[in-house]
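Let us walk through this structure together, one neighbourhood at a time. Please have the sequence and the model open side by side.

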Amino acid sequence: MLKILKFLLLFIPFAATAQYRISGRVVDSATQKPVADASVFLSNASAGTKTNNDGTFTISNVRGGQYELVVSIIGYAAYKQTVMVNKDLELTRILINQQAIQLQEVRIGGPDKHWADHYARFKREFIGMTDNAAQCDILNPHALSFDNDDGVFIATADATLIIENKALGYRIKYILTAFSDNPKTGIIYFAGEAFFETMKGSKHQQKKWIKNRLETYEGSDMHFLRSVIANKVKEEGFLVRRLIRKPNPAYKGGFNNKFIQTLVTTPLATNEYAGLTDQKGEYVLAFKDCLAISYNNNPLSGSILTIGSPYLYFDNNGIVLNPQDATFEGSWGESRMAGMLPVDYEPPQK
């Protein structure tokens, strides 16, 4: 168990985060021979490489933070390992297990006669409905199947989804591990592992993608959490206030009037809701009420964060480590895959 330290402003200076290196060797667990040409990447990031003939690999320029290292190659079970990158890492031997290849039957839409409608619903809630979402395509949609579990809409995929985000200039390989849409609670949850590859384009397209990525980053939860780490919340344009919610005794269902809400106008200081842990590169949010967060005094950028456990952990990248304990509403809650940046994204220097 991590020990939570006192909420003191001992945050790192607002400067470029150090870059590290991850190296290692991938070996067949049965034969003890090196495995060449295996993909080695950090989940939800843009850092990755392939193994050499002797099984060795090196991933350079890794931004500090917690990642899931994934090794993938046909004929072997995927290997996953959580790593905290706060120094150069040497993973001496990674053992991967051979796996028989199972040929799957090709299906077009499957037996679901409402597949097209279900896919439209999935794409709307998974990709989003923003301007960015209009420029996103899933290249292999028929890898998806849909089901209904007691009113909860469920989606699964029998292959890695290939997503092209032409608004941000990324080609994303996404391993969907969970997707659910619960109309009763209004909560949409999805989880998975992504690898971001930068798309090739003209100089004009590259310039546009850089601009769109920065606009997506500014005011995001990633931007906010990195500002917390740097103790630059106000300077980066964020205003954080306490939102008190109490159950509404007159509530009769639906999404409106569920709570009686009181917004405390006095801004919160960073040390009232954020602090350090005893793990280098890991931080924590803790607050009994909701956090109402706005950006650059823009009412359309307002978000509400509700923490469903005593502590919400996040790393140097501004990524929440226990997302199941966080509920986002407002602009953050409306963000979907179309607004997803790799966790190691670095905004251009001003």
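A salt bridge here is a side-chain nitrogen of Lys or Arg within 4 Å of a carboxyl oxygen of Asp or Glu. By that rule, Asp-137 and Lys-123 form a salt bridge through their side chains, at 3.9 Å from N to O. Asp-137 lies in strand E8 and Lys-123 in helix H1 (residues 115-126), so this pair ties together parts that are 14 residues apart in sequence. Helices (H or I, at least four residues) and strands (E, at least two) are DSSP runs, numbered from the N terminus.

Before going further, a word on what you are looking at. This is a predicted model, in which local features need pLDDT of at least 70 and side-chain atom pairs count only at pLDDT 80 or more, while totals for chains, interfaces and linings use all residues. Residues are numbered from 1 along each chain as its sequence is written, and side-chain values use heavy atoms, with hydrogens and water left out. The predictor's confidence in each residue, pLDDT, runs from 0 to 100. Its mean over the chain is 88, and 91% of the residues reach 70 or more. Over residues 1-16, however, pLDDT stays under 50. Where pLDDT is low, the predicted coordinates should not be read in detail.

Back to the salt bridges, of which the structure holds 12. Another one joins Glu-346 to Arg-63, with the closest N and O atoms 2.6 Å apart. Glu-346 lies in the segment after helix H4 (331-334) and Arg-63 in strand E4 (residues 56-63), so here the tie is between parts 283 residues apart in sequence. How covered are the two partners? Buried means under 20% relative accessible area, exposed over 50%, and partly exposed in between (1.4 Å probe, protein chains only). Arg-63 is buried at 6%, whereas Glu-346 is partly exposed at 35%. Arg-124 and Glu-125 also meet in a salt bridge, at 3.9 Å from N to O, and together with Arg-336 they are linked in a network of salt bridges. Glu-125 is buried, with a relative accessible area of 14%, while Arg-124 is partly exposed at 35%.

Now return to Asp-137, which stands opposite Glu-164 in strand E11. Strands count as paired if DSSP finds at least two bridges between them; E8 (residues 136-138) and E11 pair in the antiparallel sense over 3 bridges. Strand E11 (residues 161-165) has 5 of its 5 residues buried. Leu-161, Ile-163 and Asn-165 are on one side and Ile-162 and Glu-164 on the other, so to speak two faces that are both covered. E11 is also joined to strand E12 (residues 170-182) by 5 bridges, again running antiparallel, and Ile-162 has Lys-173 as its bridge partner there. The two strands form a hairpin with 4 residues between them, and Gly-169 in the turn has a positive phi of about 80°.

Follow E12 along and you meet Asp-181, which is buried at 8% relative accessibility. Which side chain does Asp-181 reach in a polar contact? The partner is the side chain of Arg-121, at 3.2 Å. A polar contact is a pair of N or O atoms within 3.5 Å; within protein, one must be able to donate a hydrogen and the other to accept it, and residues adjacent in sequence count only if both atoms are side-chain atoms. Contact in general means heavy atoms within 4.5 Å. Leaving aside neighbours within four places in sequence, Asp-181 is in contact with residues including Glu-125, Phe-153 and Ile-188.

A further site to visit is Ser-303, in strand E19 and buried at 3%. Its side chain makes a polar contact of 2.8 Å with the side chain of Ser-331, and reaches the backbone nitrogen of Trp-332 at 3.2 Å.

Finally, look at two loops. Most residues other than glycine have a negative phi. Asn-44, in the loop between strands E2 (39-42) and E3 (48-50), has a positive phi of about 65°. Asn-296, in the loop between strands E18 (290-295) and E19 (298-307), has a positive phi of about 55°. Asn-44 is buried at 18%, and Asn-296 is partly exposed at 47%.
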